[in-house]
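The following exercises concern a single protein chain. Please work through each task with the sequence and coordinates at hand before reading its solution.

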Amino acid sequence: MIKGAIGIVGLGVVMWAVGCGTHSGIGTLGMGGEMGLGGQVVGMGGQVEGTGGTAMGGQMEGTGGTGMGGQVEGTGGTGMGGAIPGIGGQRASCPPVPSAIGTAKTLTFAAPTDYSTGAGAFEVTTGDLNGDGKLDLLLLDQTAGIRIMFNKGDGTFNGPADLGYPGGGRVVVGDIDGNGQTDIVQLTSSGVSVILNKGNAAFAPAVNYVVGYQSVALVLGDLNGDGKLDVAVADQGGINSGADVGILMNTGGGTFVAGNYPVANIPNAIAIGDLDNDCIPDLALAGPAGVSVLVNRGDGSFSSATNFAYGTSGTSIAIGDLNGDGQLDIVEGMDGVANVLINHGYASFNAPIVYTATCTPTTSNGVPGQPLVLADLNGDGRPDLLNLESYCGGLTVLPNHGDGSFPASLNFPTAPPTPAWIATGDLNGDGRPDVAVVSHDYSVGSELRVLINASH
């Protein structure tokens, strides 16, 4: 049913220019939310766990990655809305060109629509799973497994349909085997499960791959420049194995070869994007010891991790060009807090600037909200920052001032009980990124709220 309207918040007009060029390509850049014919993130491969890319198959934003048929963001939260177009996080041209800011619209959401999702839904993502050109909602449910809510065509959705696969943990979508259909890749207790879409949301049996121990997050991207979507997985390790990044290199047809790269910082989340301006996607990790960056050598292998932002801690991470200078920046987030690292060239970053949500706390069980997402909600060409504040029971939006700073937060209520996961994308086909938030409590159940962007 439809519940009360969300207040209108004026953002004013922000004018800020740095040049006249714009990025173009098949990958991760976007003027706003997810847009595209298929999933979050745009391009032929790259996550974004989301934000900024545009392409046939995803959010029209994308953080360092996009995918031709689905969201290519990953677990832990990556957002869309500022990465540069390219194939899987690669840039369409180098060096990058700065982009001018547009005129911000007044940020408004239409009256929210709430959907009952059953007892156990804890994660949501977007992707065109039946090939009709509309973004559907993919749910992970601890009881029912993977479920799809098909888009009716206007940004409203049918009730969840079970696919018959276990819920597992964390999921991304993209065209893995190159047949133009949006496939599903998810973490399992033993590694990564690849579920190929045969067409019209008919899926093949899952194929499982072993990566590392205690996998917690994953992203898709073309890591070696062969035009195929590869998989990068953040592994926390254990007593007998250290933390690492597991790489599944796509050999064609949706089959993979595995490799691993040790990291000192135990990761909670992973994002993909070209951080050093060489037209090849790199990887960034968020963890209790800050942010780590693994630079791609050019063939899908990676140099040792370089660590930034010690003293910060994050459960989610996003990549996007926050200030329009052509460099991809990093945002590390946790419940109600965002640490912004501005890239001042070739994967070197300024000290983090901390932004905290401002709201009046409500009763909460303290379930941490994930992920942090970047999306250009107000149409000014700069990604805004979306986070969940579980203690305030809602969605926090920090509008980008235009220079990569986020001076004030806006708060929008989500469905009870506690907000747990954000997905963005153009759900009603009007060219603006919309928002879906799953709220979850193991003792109460789950509910989904869809917020249609009505900015003007």
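Strands are DSSP runs of E with at least two residues, numbered from the N terminus. The model is a predicted one.

**Exercise 1. Overall composition**

Determine how many helices and strands the chain contains, and what share of its residues is buried.

Solution. The secondary-structure count gives 0 helices and 30 strands. The chain has 456 residues, of which 62% are buried. Next, consider the contacts with a separation of 6 or more: 56% of them join residues 24 or more positions apart. Finally, the exposed area of the chain is about 14,200 Å², with 57% of it supplied by carbon and sulfur atoms.

**Exercise 2. The surroundings of Ala286**

Locate Ala286 in the secondary structure, and decide whether Ala286 is buried or exposed.

Solution. Ala286 belongs to strand 17. The cut-off for a buried residue is a relative accessible area under 20%. Ala286 has a value of 0%, and is therefore buried. The contacts, with neighbours within four places in sequence left aside, are made with Ile266, Pro267, Asn268, Ala269, Gly314, Ser316, Ile317 and Glu332. For Glu332, the C-alpha to C-alpha distance to Ala286 is 6.3 Å, although 46 residues separate the pair in sequence.

**Exercise 3. Backbone geometry**

Examine the phi values of Asn200 and Cys279, and the omega angle of the bond from Pro416 to Pro417.

Solution. Begin with the general expectation: most residues other than glycine have a negative phi, and most peptide bonds are trans. Asn200, which is not a glycine, has a positive phi of about 60°. Asn200 sits in the loop between strand 9 (197-199) and strand 10 (202-203). With 61% relative accessibility, Asn200 counts as exposed. Cys279 also has a positive phi, near 70°, and is placed in the loop between strand 16 (269-273) and strand 17 (282-287). Turning to omega, the value near 10° identifies the Pro416 to Pro417 bond as cis. Pro417 falls in the loop that links strand 27 (410-413) and strand 28 (419-425).

**Exercise 4. The charge of Arg382**

Establish which side chain of opposite charge is nearest to Arg382, and which backbone oxygen the side chain of Arg382 reaches.

Solution. Arg382 is located in the loop between strand 24 (373-375) and strand 25 (384-389). The nearest side chain of opposite charge is that of Asp321, 6.2 Å away. A salt bridge requires a distance within 4 Å; Arg382 is buried yet has none. The side chain of Arg382 does reach the backbone oxygen of Ser99, at 2.9 Å.

How values were computed. Residues numbered from 1 in each chain as written. Predicted model: local features only at pLDDT ≥ 70, side-chain atom pairs only at ≥ 80, totals over all residues. Heavy atoms only, no water. Helix = DSSP H or I, 4+ residues; strand = E, 2+ residues; numbered from the N terminus. Buried < 20%, exposed > 50% of the residue type's maximum accessible area, 1.4 Å probe, protein only. Contact = heavy atoms within 4.5 Å. Areas by Shrake-Rupley, 256 points an atom, 1.4 Å probe, with all protein chains shown as cover. Lys, Arg positive; Asp, Glu negative; His and termini not counted. Polar contact = N/O pair within 3.5 Å; in protein donor to acceptor, adjacent residues only side chain to side chain.
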